[in-house]
Amino acid sequence: MKTSFPRQDIRVLLLEGVSRSAVETFQRAGYSQIELHAKSLPEDELKARIAEAHIVGIRSRSHLTAEVLEHARRLIAVGCFCIGTNQVDLEAARRLGVPVFNAPYSNTRSVAELVIAEAIMLLRGIPQKNALCHRGGWTKSAAGSYEARGKTLGVVGYGHIGTQVGVLAESLGMHVIFHDVESKLALGNARAAASLQDLLERADVVTLHVPETPATKLMIGAAELAAMRPGALLINASRGTVVDIGALADALRRGHLAGAAVDVFPVEPKGNDDPFVSPLVGMDNVILTPHIGGSTLEAQDNIGIEVASKLLRYSDNGSTLSAVNFPEVSLPEHPRSRRLLHIHRNVPGVLSRINELFSAGNINIDAQFLQTDTEVGYVVIDVAADEAQAAALKDKLAAIPGTLRTRVLY
Ligand SMILES: NC(=O)C1=CN([C@@H]2O[C@H](COP(=O)(O)OP(=O)(O)OC[C@H]3O[C@@H](n4cnc5c(N)ncnc54)[C@H](O)[C@@H]3O)[C@@H](O)[C@H]2O)C=CC1
Ligand SMILES: O=C(O)C(=O)COP(=O)(O)O
């Protein structure tokens, strides 16, 4: 099928070592201009590269701010090859008519397994014992070592990851309590805590699984750490902004907390060759990991296919199903029609202008799909038109005031 904009001309920019499975998924679909970078790019370079790209794929490290997105003149869509989308200014992308996709499930099991492993390691004091052995020391002792069985795990953010951590913890015989802003179905024998404070006061191990939002910024600070039980353990594999890292270092230094496992940091290196700096460096009772909660080959492989497929579906077919910032339209195939996409500011009069255009041109509409949100309208029109007619229609659609983006698919 001929596209108005040939697939081989669509430039795909993939950053931060997105899995090769994504590259292969694009290639199988006929896309050949794919650029893969192992790191995130410095802001200036990002602005320059995004100006040329039609599709951009990132992970958690690249910040697509409103200012960066202003340079993205040709951008069709953004793929976050991860769960979190806090690194993208979703509103700015939406106002530019750019849908953003992510992979909401593919790495959740990987995070949950790591958290359980860390809980067991911390309860046994393994990080400090391991560190001492490496320095030639030997502390064969049961002091400060506990079984996970019978201990209370407090899960903050009882979503896809938090629930799986809870289920795995129960299989070890742990009691699970959780805190969430939403009312949640408790799995197994888990119970909702009365409040965050209640959870912190009762849990032996607290694990954080909230997204980065204004409400979760520094949600675990000095007061919350002080509310935790003496000798309790903290695990953070959510976002670095959730914990006041200085206050955590202080609570560990004073011995109020017995240990911690931290995977995410307020400031993270851009790539593997850059230095890592944190007040937690050098503390033997802290497991430090370089934001690898979701970094398993299984997860990355699946994420590559999942997000690339969503981007392709939008690029080839127009479907915005599961976009995180955009009106969602699920579209059928359109074998006998040409498909026009029109993304516009949701202001009065745009739709009637679109419909007038088709009736004035005596163009037969085979199907029309519309979805709006408060700011953006997305209209998909399948028409019986030849290539030249479709191109002319696209130009007329683009001239309608309020238009953000237009495309012809076939
Ligand atoms: N370390 C890593 O490599 C990874 C980190 N993550 C992080 O983990 C986070 C959670 O992932 P999922 O469980 O898949 O997300 P989710 O959206 O399924 O669950 C998040 C839960 O947090 C709750 N929540 C939101 N704001 C809250 C607040 N202020 N207080 C209490 N609860 C609140 C939500 O209601 C929801 O139930 C992601 O947003 C991401 O930032 C995700 C994958 C890998
Ligand atoms: O999925 C997420 O939100 C993560 O934090 C994982 O991020 P990453 O793809 O490893 O940079």
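## A helix across three strands

Helix α13, residues 387-398, lies across β13, β15 and β16, and it runs at about 175° to β16. That's a handy way into this predicted model, so let's start with the sheet behind those strands.

The sheet is an open one with four strands, ordered β14-β15-β13-β16 and paired antiparallel. Out at the edges stand β14 (365-372) and β16 (403-408); each has a single partner strand, so one side of each is left without a neighbour in the sheet. On average, neighbouring strands here are turned by 10° against each other, direction ignored.

Look at the pairing of β13 (residues 338-345) with β15 (residues 376-383): these two are antiparallel and joined over eight bridges. If you want a spot to zoom in on, take Ile 343, whose bridge partner in β15 is Tyr 378.

## The parallel sheet

There's also an open sheet of five strands, this one with parallel pairing and the order β2-β1-β3-β4-β5. Its edge strands are β2 (33-36) and β5 (100-101), each with a single partner strand, so one side of each is left without a neighbour in the sheet.

Strand β4 (residues 77-80) pairs with β5 in the parallel sense over two bridges. Within β5, Val 100 is the bridge partner of Val 78. Packed on this sheet is α11, which touches β3 (55-58), β4 and β5, and its direction makes about 165° with that of β4.

## Two nonpolar cores

Those two valines turn up again in the largest nonpolar core: of its 61 residues, Val 78, Phe 81 and Val 100 touch the most other members. Helix α11 is back too, giving the most to this core with seven residues. The core draws at least three residues from each of domain 1 (9-102 + 296-326) and domain 3 (327-409).

What is Val 100 in contact with, once its neighbours within four places in sequence are left aside? The list includes Val 78, Cys 80, Thr 85, Val 88, Leu 90 and Ala 93, and also Ala 323, Val 324 and Asn 325.

Apart from this core lies another, made of 52 residues; Leu 114, Val 176, Val 205 and Leu 252 are among them.

## Domains and their contact

The domain assignment splits the protein chain into three: domain 1 (9-102 + 296-326), domain 2 (108-288) and domain 3 (327-409). Between domain 1 and domain 3, the C-alpha centres lie 24 Å apart.

Where these two meet, 12 residues of domain 1 are in contact with 15 residues of domain 3. On the domain 1 side, α4 (90-95) and α11 (297-317) each supply at least two of the touching residues. As for their character, the residues on that side of domain 1 divide into four nonpolar, five polar and three charged.

## The whole chain

Stepping back, the secondary structure of the protein chain comes to 13 helices and 16 strands. The C-alpha trace spans about 85 × 45 × 35 Å along its principal axes.

How much of the protein chain is buried? Buried residues account for 43% of its 410 residues. Among contacts with a separation of 6 or more, 66% are between residues 24 or more positions apart.

Note on methods: Residues numbered from 1 in each chain as written. Chains lettered and ligands numbered in written order. Predicted model: local features only at pLDDT ≥ 70, side-chain atom pairs only at ≥ 80, totals over all residues. Domains from an automatic or database assignment. Contact = placed C-beta atoms within 7 Å. Nonpolar A, V, L, I, M, F, W, Y, C, P; charged D, E, K, R; others polar. Core = buried A, V, L, I, M, F, W, Y, C linked by C-beta atoms within 7 Å. Buried ≥ 20, exposed ≤ 12 C-beta atoms within 10 Å, placed from the backbone. Pairing = 2+ DSSP bridges. Axes fitted to C-alpha atoms, helices over the stretch in contact; angles between N-to-C directions.
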